[in-house]
Amino acid sequence: MTDELRDRRAEAEDARIVEPVDAGGIKGRLQRAAAGPLAEAQQAFNDTMLRLADALSARIDDLARRTEAAERRAAELEERLLRLERRGGEAPGTVAAQPRQDALPDYFAYETRMRAPSAEIRERQRPYVELLRGRAPVLDVGCGRGELLQLLRDARVEARGVDADAYMVAFARGEGVAVEQGDLLAALAATADGSLGAVTALQVVEHLPPPALGQFLTEALRVLRADGLLVAETINPVSPAALRHYFADLTHAQPLVPETLELLARQAGFAHVELRFLNEPVPHDDPRISEQLFAPLDYALIARK
């Protein structure tokens, strides 16, 4: 029910009881006798209209939910068809070295259904563009469908991506961005020392077991130039709502508490480390409940060499 409809309903509630004018004597009794049935009829009419308004509001809300679900489903199916059209050859489904990365037979379909359509993810990642402006070249590891790469291309920031999943790579290439299929650790190992302005890993580090995570941070530090930047976005396990998304993905290795990832980055050698919390849900009226149950869904580690 919309706010405007709630206000109108409250006004109707206030006006639902019609009292006859109180007057004494014979005149008053006659007025009450005449007005009483009219007041009762008006009240019955008001009650009926309120019930109809409630029923109509419920149907509108249900229709809006169904429409939103249908639009998301249509966008999902469109992306899945595009990736089939774009993938060619016999490239392996995934080349990720980490265990469990082939736990889902069709990770592209999972990503589209369980996370969000590409256009929505692109809007979530838009704030990173200003952070990365002037830091070319950028290497986006685990680039997925290439949402960040598209934003950087439009902003004229030189960038390339690598992803282990063949369908992700095919889809991203179809969007006109430079992406190679490969393991992220192998891609970093093949990159020269100090040759990058930034390394980005959005919703990636939670896929890496501890040894691979440590190696990733060390390699990212090595390939960055003196003023280089590492941006690693991941699920915030402090948020109960975010944990639902974490456990829905069978390829995840472990959740990373913000302080843990911050400590690991410092131990790897990054000089300046910052945490930025993202995607806050609608807060609860009680700030104590909001703090415990409505924490931001994601956070980003911003680490400078």
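Which residues touch the most other members of the largest nonpolar core? In this predicted model, they are Phe216, Leu230, Phe270 and Leu301, out of a core of 32 residues. Let's start there and work outwards.

Several elements of the fold give two or more residues to this core: the helices α8 (184-189), α9 (210-223) and α11 (258-268), together with the strands β1 (138-141), β4 (196-202), β5 (224-235) and β7 (298-304). Helix α9 gives the most, with 7 residues. To see how one member sits among its surroundings, pick out Phe270 in your viewer. Setting aside neighbours within four places in sequence, Phe270 is in contact with Leu217, Ala220, Leu221, Leu224, Leu230, Ala265, Ala303, Arg304 and Lys305. Apart from the largest core lies another one, made of 16 residues, among them Val138, Leu152, Val231 and Ile302.

Helix α4 (residues 118-125) offers a neat example of sidedness. Its buried residues are Ser118, Ile121 and Gln125. They lie on the same side of α4, because they cover an arc of only 65° around the axis. The spacing along the chain fits a familiar rule: an α-helix has 3.6 residues a turn, so residues three or four places apart point the same way.

Now for the charged side chains. A search of the whole structure turns up 12 salt bridges, and a few are worth a visit. Glu130 and Arg133 meet at 2.6 Å, N to O. Of these partners, Glu130 is exposed, with a relative accessible area of 54%, while Arg133 is partly exposed at 41%. A second pair, Arg153 and Asp154, meets at 3.2 Å, N to O. Here the arginine, Arg153, counts as partly exposed at 37% relative accessibility, and Asp154 counts as exposed at 56%.

Further along, Asp227 and Arg225 form a salt bridge at 2.8 Å, N to O. Both ends count as partly exposed, with relative accessibilities of 44% for Asp227 and 23% for Arg225. Salt bridges can also join up: Asp193, Glu219 and Arg222 are linked in a network of them.

Our last stop is a stretch of nonpolar surface. Phe45, Met49 and Leu52 make a patch of about 300 Å². To find it, look along helix α2 (residues 25-86), where Leu52 has its place.

Note on methods. Residues numbered from 1 in each chain as written. Predicted model: local features only at pLDDT ≥ 70, side-chain atom pairs only at ≥ 80, totals over all residues. Heavy atoms only, no water. Patch = residues over 30% accessible without salt bridge, like charges linked within 9 Å, V, L, I, M, F, W, Y side chains within 5 Å. Areas by Shrake-Rupley, 256 points an atom, 1.4 Å probe, with all protein chains shown as cover. Salt bridge = Lys/Arg side-chain N within 4 Å of Asp/Glu carboxyl O. Helix = DSSP H or I, 4+ residues; strand = E, 2+ residues; numbered from the N terminus. Buried < 20%, exposed > 50% of the residue type's maximum accessible area, 1.4 Å probe, protein only. Arc of directions from axis to C-beta. Core = buried A, V, L, I, M, F, W, Y, C linked by side-chain atoms within 4.5 Å. Contact = heavy atoms within 4.5 Å.
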